[in-house]
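Morning, everyone. Let me put today's structure on the screen, and then we'll walk through it.

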Amino acid sequence: MDKRDHHRVYKKEKTLRINSHNHKIKSITHKMAPNENYEVAERIESLVTQSMVFEDNEDFDQAFNNMVTAIEMIDSIIISAEKNNIYPESELNKFKNRKREYMDYARTLKRKQDERSRQSQTIRTGGDKGGKSNKFKSKAEQLLVSKESLESPYTLSLDEIVGHNQAKRDVKLAFEGPIKRPDLYGPKSTTPPNSILLYGPPGNGKTVLAKALSKDLDVNFMHVRISDIHGSLLGDSEKQLAAIFEVARENYPTIMFIDEIDGIMSARSDHTSEVERRTKNVFLSEMEGFNKDPSKQVYFIFATNNQKSLDIAFMSRIKKKIEVGDPSDKDREDLFKLEFNRRSEVKFDKKVSPETLGKLTTGMSGRDINTITENTVNEVYNDFMDSKDAENLNKQPRKIVLKDFEKQIRKVQIANEINNSSNEVI
Ligand SMILES: Nc1ncnc2c1ncn2[C@@H]1O[C@H](COP(=O)(O)OP(=O)(O)OP(=O)(O)O)[C@@H](O)[C@H]1O
Ligand SMILES: [Mg+2]
């Protein structure tokens, strides 16, 4: 059998497997509540089948999104079945098993999705294939966000950021003095911190905090991800890094925000390659260089989700370490308020209050809340745009009700569940 035959057989087996899943789902749901659930089963069936087609076409994002919707639907069948207590245990277990299988499949897709994004980052930062040597410089320039463009109302200021009151005070205190009055901070004075570390779980405002600080202090901002530094050819990473520092120096005062710092400064020294070691050293010595020349006014904010893995030599050079944790109950309510204020044109039902939504999203991040609101609004708007009413300027999309939000909240919960469990597997 050649490769293509293998692929055909694999595809066929997969289709058979899924068809038998769907057949079982149909027969189970048919017994439960013939009309309504039959439609749900059909929809689940088509989502899973589409998902596999997307997988074959290597569109893992879409395949994953479909599976999240499918899981959300099968989940709602399980929840309503449990609540109404209408099914025998054995029938209910069939659904639960099905859900587990779907979760497994979604995890596989998640891994493929992650793998794909890692690959595309390497391609994006690929080696200098005979191009001009200043390509490093022009790439570094693309990472610069000028203080003028930070003035846009789309960039939050520190006081618009929800919660993190201590962190907001600390970041401001760390840089405000030396940026506003550099004359008071000569090389011999007590050295002001030129570097801070923000650490905490994803999606809770490390990036927005660094950007807001740059806006409030009226300085340029450079957003560097470690994946922007890694190159595929030997020596590329160092050249890229040097170009980034050069651009920062030329545009001072600048806050350089270096994201995913554990990708380069982790302590796993026995696995560190020669290239990584060299990049690490360039980094440490450049940081020292800035320390010695206060007139250059380049400040560093590092960010990580994984501060425990960081190198000791690196950590000892950081003057202040600030935690940016999960939002509190009140913060989640305020995050929804922020999302609503950003969408003043959208009509929400009275029952959709930030307070209620805050309570329904325990354990979720600011990014989750942003995603939930965006997807809820988009879904209602897309339905409207697909309908004939969209042509009529007197018609408006319907009000957004709590149920619309609950559906998207569930989807984010499922995606987080899959994400957490695939991190555990790794
Ligand atoms: N405290 C907050 N105040 C206002 N918006 C927030 C807050 N936390 C999160 N957000 C929203 O969530 C989005 C993601 O936040 P951000 O990018 O700052 O997270 P992060 O901590 O940098 O995450 P990661 O570790 O994944 O890089 C922001 O664009 C913003 O919409
Ligand atoms: Mg970030």
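Let's take the helix pairs first. Before that, one caution: this is a predicted model.

Start with helices H13 and H15. Their crossing is right-handed. H13 covers residues 329-342, and H15 covers residues 366-386. The two pack at an angle of about 40°, with their axes 10 Å apart. That angle makes H13 oblique to H15, because it falls outside the range under 35 degrees that counts as roughly parallel. Who makes the contact? From H13 we have Arg 332, Leu 335, Phe 336 and Glu 339. From H15 come Gly 366, Ile 369, Asn 370 and Thr 373. Sort those residues and you get three nonpolar, three polar and two charged.

Next pair: H5, residues 135-142, and H10, residues 236-250. Their axes come within 8 Å and cross at roughly 55°. So H5 is oblique to H10. This crossing is right-handed. On the H5 side, the contact uses Phe 136, Lys 137, Lys 139, Ala 140 and Glu 141. On the H10 side, look for Lys 239, Gln 240, Ala 243, Ile 244, Glu 246 and Val 247. The split here is five nonpolar, one polar and five charged.

Let me zoom out for a moment. How many helices and strands does the protein chain have? There are 16 helices and six strands. The chain has 426 residues, and 32% of them are buried. Now take the contacts with a separation of 6 or more. Residues 24 or more positions apart account for 81% of those.

On to ligand 1. It has 18 residues around it. Which come nearest? They are Pro 202, Gly 205, Lys 206, Thr 207 and Gly 366. Two elements give two or more residues to this shell: H8, residues 206-217, and H15. You met Gly 366 a minute ago, in the contact between H13 and H15. As for the kinds of residue in the shell, six are nonpolar, nine are polar and three are charged.

Stay with Lys 206. Its place is in helix H8. Is Lys 206 buried or exposed? Count its C-beta neighbours inside 10 Å: there are 25, so Lys 206 counts as buried. The cut-off for buried is 20 or more. Set aside the neighbours within four places in sequence, and Lys 206 is in contact with Leu 198, Gly 200, Ala 303 and Val 324. Ile 301 is 95 residues away along the chain, yet its C-alpha atom is 9.5 Å from that of Lys 206.

Last topic: the backbone. Most residues other than glycine have a negative phi, and most peptide bonds are trans. Now for some exceptions.

Asp 218 has phi near 60°, a positive value. You'll find Asp 218 in the loop between H8 and strand E3. It has 13 other C-beta atoms within 10 Å, so Asp 218 is partly exposed.

Glu 260 also has a positive phi, about 55°. Glu 260 lies in the loop between E4 and helix H11. With 18 C-beta neighbours inside 10 Å, Glu 260 counts as partly exposed.

And the peptide bond? From Tyr 252 to Pro 253 the bond is cis, with omega near 0°. Pro 253 is in the loop between H10 and strand E4.

That's my tour. Thanks for listening.

Key
Residues numbered from 1 in each chain as written. Chains lettered and ligands numbered in written order. Predicted model: local features only at pLDDT ≥ 70, side-chain atom pairs only at ≥ 80, totals over all residues. Helix = DSSP H or I, 4+ residues; strand = E, 2+ residues; numbered from the N terminus. Buried ≥ 20, exposed ≤ 12 C-beta atoms within 10 Å, placed from the backbone. Contact = placed C-beta atoms within 7 Å. Axes fitted to C-alpha atoms, helices over the stretch in contact; angles between N-to-C directions. Parallel < 35°, antiparallel > 145°, perpendicular 65-115°, else oblique. Left-handed = near helix turned anticlockwise from the far one by under 90°. Nonpolar A, V, L, I, M, F, W, Y, C, P; charged D, E, K, R; others polar. Near = placed C-beta within 6 Å.
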